[in-house]
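Biologist: Please take one part of this chain and walk me through it closely, saying what surrounds it and how the neighbouring elements are arranged.

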Amino acid sequence: MQTITNKKYQLINNLAGWITFIIASAVYLLTIEPTASFWDCGEFIASGFKLEVGHPPGAPFFMLLVRFFTMFAPSNEMVPVFANALSAFASSFTILFLFWSITHLAKKFWGETEFDLKKVILIVGSGLVGALAYTFSDTFWFSAVEGEVYATSSLFTALVFWAILKWENEANEPYANRWIILIAYLMGLSIGVHLLNLLAIPAIVMVYYFKKYQPTPKGIIVALLLSGVLLLSVMYGIIHGAITIASKFELLFVNGFGLPYNSGLLFFCAAITALVVWGIIYTRKHQRVVLNTIVTAFGVILLGYSTYGVIVIRSSANPPMDQNSPDNMFSLLYYLNREQYGDRPLIHGQQFNAPLVDRTEGKPFYIPKNGKYEIASYRYNYKYDERFTTLFPRMHSSDPNHIRTYKSWSNFKGKPIRLTNHNGEVETRYIPTFGENLKFFFSYQVGHMYWRYFMWNFAGRQNDIQGHGDILHGNWISGIPFIDDARLGPQDNLPAHMKDNKAKNKYYMLPFILGVLGLAIHYMRNRKDFWVVMLLFILTGIAIVVYLNQAPYQPRERDYAYAGSFYAFAIWIGLGVIGLYELLRKLWDHQIMATGTVAISMLGVPVLMASENWDDHDRSDRYISIDFAYNMLNSCEPNAILFTYGDNDTFPLWYAQEVEGYRTDVRVSNLSYIRADWYIDQMKRKAYNSEPLPLRMEHSKYVTGVREAVMVIDRIKRPIELNQAVDFMLMDEDGAKIPSPFDPSEKINYLPSKSLYLPINKEEIMAKGVVSERYKHLIVDTMQWTLSKNVLLKDGLSVFDLLGTNKWERPIYYGITVSSETYQNLDKFFMLEGMAYRIVPIESKSERGSYGMVNTDAMYDVIMNKFQIRSVSNPNVYIDENSGRIVSNYRNVYGRLANALIDEGKKDSAVAVLNRCFELIPPSTMKYNYFTLSLIDAYYRAGDIDHGVEKSREYMEQCNAELRFFTALPDAMIGSVRNDVQLNLAILQELYKMAATYERSTHLEELTSALMPYMANSPN
């Protein structure tokens, strides 16, 4: 049998690795999104392109990489392509290092320096299968084609794991520790991307231990403990500790010694640099090799971590995007600690109904003022009734929706505890037992929020709709009927739109089975390496689950957080090729059988995964996010102020303005951010062509800890003029304050009436073009509205301040995606002008979730002449759930405009609008939803009965298909789809009413027949 020398093997191994790199690069570059994707991508691309400051805890090294890549973009419109290409190349390099890691581990199965051809085929084949399986895996591919940090973070994980394997090969050579230093430097750099990479530290320590020492149970325990200490030392000793110590030096030098800002920081940096340099020289001189490695590693971690200096430097320049404004050590520490997101208990803490018994001042929050650092506020420490606390608290959130879900997933019965409430009455509360906490942990946090994602990647995925435990949305499937039918109902009876969902991917559990086979052969052949990979698998999977302690109803699916765990399992998929051969070689132990094993594995896993996943990971022609940004901005008049609320209605707009320079006259103001003092400061600065928001509030009136909540008390029982109300709320005198209901010893501002009014000068309104001549007669003399809440937060205070000081100089809009909770009851003064509601002095009624009146002239021009909806009608474009929600908003505004035009007698224009809607958003690419009803109704009302019947019939057939599936479910499952059944029946009834009003013929009979079987038997 032909013998392959080690040198020749290395050549083959390197060549095969680069082939996987080329394949992965081609796949990712062919499928990257040509613009900024939803969620954080728009913000990351914008912050990288202009070196601005993104959301906490920041990603400065990633930001620098984005800046480097986008420097080569030939135009601003091509910037996101180059930014997304960064993720594509980072991902393909991850695949390269994964390949080499798998072949390194596979080669050790034989421990030889020369191999026969059969073994080389198996080793290289295992690398190809494992690496390409990960290439085409759901979670990793998703991150590889968008400008987010997770692809680059995965590269760091792959790189440090490969580097420790390289050290293992050279451990006995004189300069082997250079790999340790490289790993430390990469760890430091990775802090400026994402902290996930640090979870590889324990696996790295165990590789070192197994190579240097003879393993013993005691030694393994000590090594694991040391790895934990090392991990915590980096996370809390270096990342947080360095900034904490620097802030103390800064406070001493500025407040104590009277020196300028940053003098303490500069001294600390100089001192730590001098100590590291001295330590390296001293240990080298005295031949202290281990200590020299430790000091050098510490130094290069700090060197890598120093990329955070970019955050401080750029924040000091006051860029338009400057989240948390971390321009000093105290705000940087707040930024790094992600304090704006709150915290949650991990080891011991409160349960969801724990009474708060005390609140004490904690650490002070310093701000620079008059050459010193002054205390602006204090962080609070909260103490809960000890009887309502527990070890390992998993059910901790007091949100009512979360509590209901806690109880559902844990089969909650509870343990009774009697207590006396604030009225002196004795009540009984039921708290979760420790067992119920564990039940929720295993069923929801592990089962739903980890295992489900794991199986998405290695068994199959039901669809792309975020699931919360029902049988219809976001579950894993296998493609094997007896497995799927028992869990999710009969899959051969699915409606077409469910069956044809591009994210419905079936792998028949082949990747999972091959991975389990690899896990088993790894354990049998090399237990040391097995435990190293297992440690990586657990720490980047289950350990993250424990640490995150996630509450129910996350804003989005969180599978990206566990990519490192899926990476580790891909190693076992690769090794599974050898495990499969071990089973087959009993038939024929020959290189042809080895080749066949590799080929079968390749076809059954990576090729299958690629064929199933391509259509829902190909974003090459998708422009939904940037079109949404264009359309939202174009709905606004020049020099407008536009309120947004979430990530997906803000970040695409930021990207459009910051990168493409599009409609920079519009000031986008995020209402969830404007509750923070740093963001109000930014709103009061000019940005590009947008003038500052004319707020009267001075910084001292809204600094952190001041007016976080203003109580609304209907004390005077009459309306207050808006400007007087705002002035009263901004007063610092004791007479303008009341004892806080949260802490009676503290006084807070209040508003003495729930009713507000704003006088209107009609001539001024017309002169400033607030409304057109046709609406002049509708202008009210006084805008008056009543607040429904008892607390006004800073966003409400800012809106009222702006409404009073703006004096109708600039148009003010709410995006239609903004939650009605933030409207401050101003919605009766809304006028819809596209994708945004404009505040106008015209009162109108809101009906069935439709706010304000429609400005048909302005909106027709926006929708028919300015809107861009390029991707939705393309059947090759993947429209995921999030993009689908945006598209649903389009249907809503088209329907509202069409019906408003009909009300004005402009039926031809209404039909044109409706036809345009169905042309751009056909049901073949975007299934009908509730907003479609208004479109069908508009066709009927406009006299286009044929189109109305056509669309109604299509919607009826969609509902019928869903109802047939639901009613065929077993009794045990029907409860989870009860709401879906009732929704479909309600839609059929609406279609019936329309047909009975306008059509009264064949289609009415069809709807009657469709409804008849369910009228007596629908679930209650």
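Modeller: In this predicted model, S871 touches D621, R622, Y623, I624 and V877, once residues up to four places away in sequence are set aside. S871 belongs to the loop between helix 31 (856-866) and helix 32, and its relative accessible area is 2%, under the 20% limit, so S871 counts as buried. One of its neighbours is also a polar partner, since the side chain of S871 reaches the backbone nitrogen of Y623 at 2.7 Å.

From that loop one can go on to the two helices that flank it. Helix 32 covers residues 881-903, and its 23 residues, at 1.5 Å a residue, should span 33 Å; the C-alpha atoms at its ends are 33 Å apart, which agrees with that expectation. Of those 23 residues, 20 are buried, so that helix 32 is mostly covered. Just after helix 32, G905 adopts a positive phi of about 85°.

On the other side of the loop, helix 31 contains T856, which has a relative accessibility of 1% and therefore counts as buried. T856 links this helix to residues distant in sequence: T856 and L897 are separated by 41 residues along the chain, yet their C-alpha atoms lie 6.4 Å apart in space. Neighbours within four places in sequence aside, T856 is in contact with R774, Y775, L897, A900, L901, E904 and K906. Two members of that group also meet T856 through polar contacts between side chains, one with R774 at 3.0 Å and one with E904 at 3.0 Å.

Earlier in the chain, strand 22 (residues 836-839) is covered on both faces, with A836 and R838 buried on one side and Y837 and I839 buried on the other. Strand 22 has pairing partners in strand 20 and strand 21. With strand 20 (residues 812-815), strand 22 pairs in the antiparallel sense over three bridges, and Y837 of strand 22 is the bridge partner of Y814. With strand 21 (residues 830-832), strand 22 likewise runs antiparallel, again joined by three bridges, and here I839 of strand 22 is the bridge partner of F830. Strand 21 and strand 22 form a hairpin with three residues between them, and G834 in the turn has a positive phi of about 130°.

A second buried serine can be set beside S871. S740 lies in the loop between strand 15 (737-739) and strand 16 (747-751), and because its relative accessibility is 4%, S740 counts as buried. Leaving out neighbours within four places in sequence, S740 is in contact with E746, K747 and I748.

The cysteines complete the account. With a disulfide taken as a pair of cysteine sulfur atoms within 2.5 Å, the count in this model comes to zero. C917 is accordingly in no disulfide, and the nearest cysteine sulfur, that of C959, is 17 Å away. C917 has 0% relative accessibility and so counts as buried, whereas C269, at 36% relative accessibility, counts as partly exposed.

Technical notes:
Residues numbered from 1 in each chain as written. Predicted model: local features only at pLDDT ≥ 70, side-chain atom pairs only at ≥ 80, totals over all residues. Heavy atoms only, no water. Helix = DSSP H or I, 4+ residues; strand = E, 2+ residues; numbered from the N terminus. Expected span 1.5 Å × (residues − 1). Buried < 20%, exposed > 50% of the residue type's maximum accessible area, 1.4 Å probe, protein only. Polar contact = N/O pair within 3.5 Å; in protein donor to acceptor, adjacent residues only side chain to side chain. Contact = heavy atoms within 4.5 Å. Pairing = 2+ DSSP bridges.
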